[in-house]
Amino acid sequence: MKKLFYLVTILSATGFFLSSFRSVNASAYEEKNSYQDPKNGKIQYERHCMMCHKENGEGVAKSFPPLAKSDFLNADSDRAIRIVIHGLYEPIVVNGKKYENFMVPHKDMSDKDIADVLTYVYDSWGNNKTKITPEMVKKQRVKK
Ligand code: HEC
């Protein structure tokens with residue numbers, strides 16, 4: 001009888017250990033997928049941005065400003081979010097060079113896709129690693 005008691009105790013302790021391990025893993029998984037999804041960020045970049053800003057964010061002289069080491073990008077992440085959502089129709093200076101072009105809006109991209117693509121851009125090519133969340137994107141949807 002005593003042996004059985006030990007066995008039950010050991011089994012339930014093991015079960016508890018395993019289930020707590022699982023829940024820790026699950027929450028880490030959810031956090032990773034709520035934003036900062038580098039795989040999706042890269043996919044969205046290739047789909048929506050690369051044709052103009054180029055593979056390594058270097059842009060095209062006089063036409064498309066660089067996203068690599070961009071002082072303009074790193075200075076204001078809310079402004080960068082607004083540019084992606086609403087587009088940009090006024091001259092800007094990036095790394096000392098003037099651009100007088102315009103950028104198309106990307107209103108149809110989801111908050112998560114915009115957060116992922118900008119987090120990917122900020123995490124690449126010498127930028128300042130700002131993390132953009134879907135909540136931050138949502139706030140800028142209403143502002144022009
Ligand atoms: C059709 C070409 C085109 C596409 C596609 C495009 N951009 Fe742009 N982007 C531009 C141009 C042109 C400017 C500068 C506009 C101006 O001169 O006012 C710009 C400016 C910017 C800026 C501010 C300047 C800088 O270099 O820091 C950011 C940030 C930016 N784009 C991010 C993105 C992201 C992220 C995507 C993809 C979701 C994207 N762009 C897609 C053409 C494009």
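1. Burial first. In this predicted model, 22% of the 144 residues in the chain count as buried. Contacts with a separation of 6 or more are another way to look at the fold: 57% of them join residues 24 or more positions apart.

2. On the overall layout, the chain has seven helices and two strands. Going along the sequence, the order reads α-α-α-α-α-β-β-α-α, with the two strands falling between the fifth and sixth helices.

3. A word on confidence before the details. Mean pLDDT for the chain is 86, and 74% of the residues get to 70 or more. Two stretches are worth flagging. Residues 17–21 stay under 50 in pLDDT, and the model gives them zero contacts beyond four places in sequence. Residues 23–33 also stay under 50, again with zero contacts beyond four places in sequence. I'd leave both out of any reading of the packing.

4. Now the core. The largest nonpolar core holds 17 residues, and the ones with the most contacts inside it are Ile81, Val84, Ile114, Val117, Leu118, Val121 and Ile132. Two elements give two or more residues to this core, helix H5 (77–86) and helix H6 (111–122). H6 supplies the largest share, seven residues.

5. Ile132 deserves a look of its own, being one of the core residues with the most contacts. Setting aside residues up to four places away in sequence, Ile132 touches Ser77, Ile81, Ala115, Leu118, Thr119, Tyr122 and Val137. Ile81 and Leu118 also appear among the core residues with the most contacts.

6. How is H5 placed? Its buried residues are Ala80, Ile81, Val84 and Ile85. Viewed down the axis of H5, they fall within an arc of 135 degrees, so they line one face of the helix. The general rule behind such a pattern is that an α-helix has 3.6 residues a turn, so residues three or four places apart point the same way. The cover over the buried residues of H5 includes helix H4 (71–75), H6 and helix H7 (134–141). Just after H5, Gly87 takes a positive phi of about 80 degrees.

7. H2 (residues 38–48) can be read in a similar way. Its buried residues are Gly41, Gln44 and Tyr45. Down the axis of H2 they sit within an arc of 105 degrees, so they line one face of the helix. The face of H2 turned away from the buried side carries the exposed residues Lys39, Glu46 and Arg47. As for partners, the buried residues of H2 pack against helix H3 (50–53) and H6.

8. Which residues are closest to the ligand? They are Cys49, Cys52, Pro65, Leu73 and Met103, out of 30 that surround the ligand. The elements that give two or more residues to this shell are H3, H4, H5, strand S1 (92–94) and H6. By type, the shell divides into 23 nonpolar residues, five polar and two charged.

9. Met103, one of those closest to the ligand, is in the loop between strand S2 (97–99) and H6. Is Met103 buried or exposed? Neither label fits: Met103 has 18 other C-beta atoms within 10 Å, so Met103 is partly exposed. Leaving aside neighbours within four places in sequence, Met103 is in contact with Ile83, Gly87 and Leu88. Gly87 is the glycine with the positive phi just after H5. The C-alpha atoms of Met103 and Val84 are separated by 8.3 Å, with their positions 19 residues apart along the chain.

10. Two lysines have backbone angles to check. Lys54, in the loop between H3 and H4, has a phi near 70 degrees, a positive value in a residue other than glycine. Lys54 counts as partly exposed because it has 15 C-beta neighbours inside 10 Å. Lys129, in the loop between H6 and H7, has a phi near 65 degrees, also positive and also not a glycine. Lys129 counts as exposed because it has 10 C-beta neighbours inside 10 Å.

11. Last, Ala75. This residue belongs to helix H4 and is exposed, with 10 other C-beta atoms within 10 Å. What lies across from Ala75 in space? Asn128 is 9.4 Å away, C-alpha to C-alpha, although the two are 53 residues apart in sequence.

Methods. Residues numbered from 1 in each chain as written. Predicted model: local features only at pLDDT ≥ 70, side-chain atom pairs only at ≥ 80, totals over all residues. Core = buried A, V, L, I, M, F, W, Y, C linked by C-beta atoms within 7 Å. Buried ≥ 20, exposed ≤ 12 C-beta atoms within 10 Å, placed from the backbone. Helix = DSSP H or I, 4+ residues; strand = E, 2+ residues; numbered from the N terminus. Contact = placed C-beta atoms within 7 Å. Arc of directions from axis to C-beta. Near = placed C-beta within 6 Å. Nonpolar A, V, L, I, M, F, W, Y, C, P; charged D, E, K, R; others polar. pLDDT = per-residue confidence, 0-100.
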